[in-house]
Amino acid sequence: MSIVVQGVTKYYGEQKALDNVSFVVETGKIAGFIGPNGAGKSTMMKIITGFLPASSGSVLVNGIDAATSGTEIRKLIGYLPENNPLYPEMYVREYLSFVASFYKTELPRKEAVDRIIDITGLAPEQNKKIGSLSKGYRQRVGLAQALIHNPQVLILDEATTGLDPNQIVEIRNLIREAGREKTIILSTHIMQEVEAICDRVIIIDKGVIAADEEKEIIYSKISRHGQTVQVEFDKPVDVRSLTSIPGVTAASRLKGNSWLIEADAEDDIRPGLFAFAVNNDLTVLSLQKRESNLEEVFRHLTQS
């Protein structure tokens, strides 16, 4: 087990930011750590990395206590904070060599810098000043400095904030590749990001863990007794006739003759919709059952 968080509570004065938080992230896993603004995500990241002490509880990284062995912890962890603090007047290669000098790297410093520039795709920009780089390349530099000492654990706080779609895909690929042999916690507001690259989902709300599951089973947090279906007919339909179908609880028009149908029946509602169409001389142009996604689970668990 790479990261073990046990009963962590954090106060800022009289305000409780974290309340008895516990979770485990195993080696080789990418955990998505998500929650609303002010939920305690960044505070938890700072406690894990040893930059902030907990008021109570413990954090172990590969068996080492983050509260009492901060220097040892930092040897094991690569950290990309939300604001990605860099030195804009330094050149990319110069900066990475500077960061590498803080660590006892496995390779000689120049080779370590060459390696990380290659891994993060920074070669075309390596001789430019950081301040002249695009946001995407600055994020690559931030990721490169977090990886330069080949850490066992990677903590990423909003790693793709402000990037365009192409840059997001590139950074996700870098994270996914790193996750093959490292333990990664990715804090983000982007649900699609968690669905795309994470193995585990940890949802925090008001400083309390609301869910902690493998990605494949997190959707069970929303009751499966209900179902939502999107249907399109070839002709207009009256809402009252749709809600008269057995099991249907609500119907809302999307556009044209497309409808979103909600049902509380345990049996699949789609055969009933087909029968309704036949009985009313309608043709079903499309019919799709909508599965729960992470965004729906998140709203369900964090709504006030």
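## One side of helix α10

Let's start with helix α10, which spans residues 294-302 and has Leu294, Val297, Phe298 and Thr302 buried. These four cover an arc of only 110° around the axis, so they sit on the same side of α10. The background is simple helix geometry: an α-helix has 3.6 residues a turn, so residues three or four places apart point the same way. Bear in mind as you browse that this is a predicted model.

What covers the buried residues of α10? The cover includes β3 (30-34), α7 (191-197) and β9 (200-205). Two of these elements, β3 and β9, return below in other roles.

## Aromatic pairs

How many aromatic pairs does the structure hold? There are 6 of them. In one, the ring centres of Phe23 and Phe33 are 5.6 Å apart and the planes meet at 40°, so the pair is tilted. Phe23 belongs to strand β2 (residues 15-25) and Phe33 to strand β3, so this pair ties together parts that are 10 residues apart in sequence. Both Phe23 and Phe33 are buried.

The pair of Phe51 and Tyr79 is tilted as well, because the planes of its rings lie at 35°, with the centres 5.5 Å apart. It links distant parts of the chain: Phe51 is in the loop between α1 (41-48) and β4 (56-61), while Tyr79 is in strand β6 (residues 77-80), 28 residues away. Is Tyr79 buried or exposed? With a relative accessibility of 15%, Tyr79 counts as buried, since the cut-off for that label is under 20%. Elsewhere, one aromatic cluster is formed by Tyr87, Tyr95, Phe98 and Phe102.

## Charges over rings

Phe51 has a further partner: Arg74 lies over the face of its ring, at 4.9 Å from the ring centre. So Phe51 can be viewed with Arg74 over its face and with Tyr79 as its tilted ring partner.

A second example involves Arg140, whose charged end sits over the ring of Tyr137, 5.3 Å from the centre of that ring.

## The β9-β10 hairpin

Next comes β9, one of the elements covering the buried residues of α10. In which sense do β9 and β10 pair? Strand β10 (residues 208-214) runs antiparallel to β9, and the two are joined over 6 bridges. Across this pairing, Arg200 stands opposite Glu214 in β10.

The two strands form a hairpin with 2 residues between them. In the turn, Lys206 has a positive phi of about 55°.

## Two buried polar residues

Thr160 is found in the loop between β7 (153-157) and α6 (165-178). Its relative accessibility is 2%, so Thr160 counts as buried. Which side chain makes a polar contact with that of Thr160? The partner is the side chain of Glu193, at 2.4 Å. Setting aside neighbours within four places in sequence, Thr160 is in contact with Gln139, Ile168, Ile171, Ile190 and Glu193.

Gln227 lies in strand β11 (residues 227-233), and at 8% relative accessibility it counts as buried too. A polar atom of the Gln227 side chain is 2.8 Å from the backbone oxygen of Asp267. Again leaving out neighbours within four places in sequence, the residues in contact with Gln227 include Ile261, Glu262, Ala263, Ala265, Asp267, Ile269 and Lys289.

Note on methods
Residues numbered from 1 in each chain as written. Predicted model: local features only at pLDDT ≥ 70, side-chain atom pairs only at ≥ 80, totals over all residues. Heavy atoms only, no water. Buried < 20%, exposed > 50% of the residue type's maximum accessible area, 1.4 Å probe, protein only. Arc of directions from axis to C-beta. Contact = heavy atoms within 4.5 Å. Phe/Tyr/Trp six-rings, centres within 6.5 Å; stacked < 30°, edge-to-face > 60°. Lys NZ or Arg CZ within 6 Å of the ring centre and 35° of its normal. Pairing = 2+ DSSP bridges. Polar contact = N/O pair within 3.5 Å; in protein donor to acceptor, adjacent residues only side chain to side chain.
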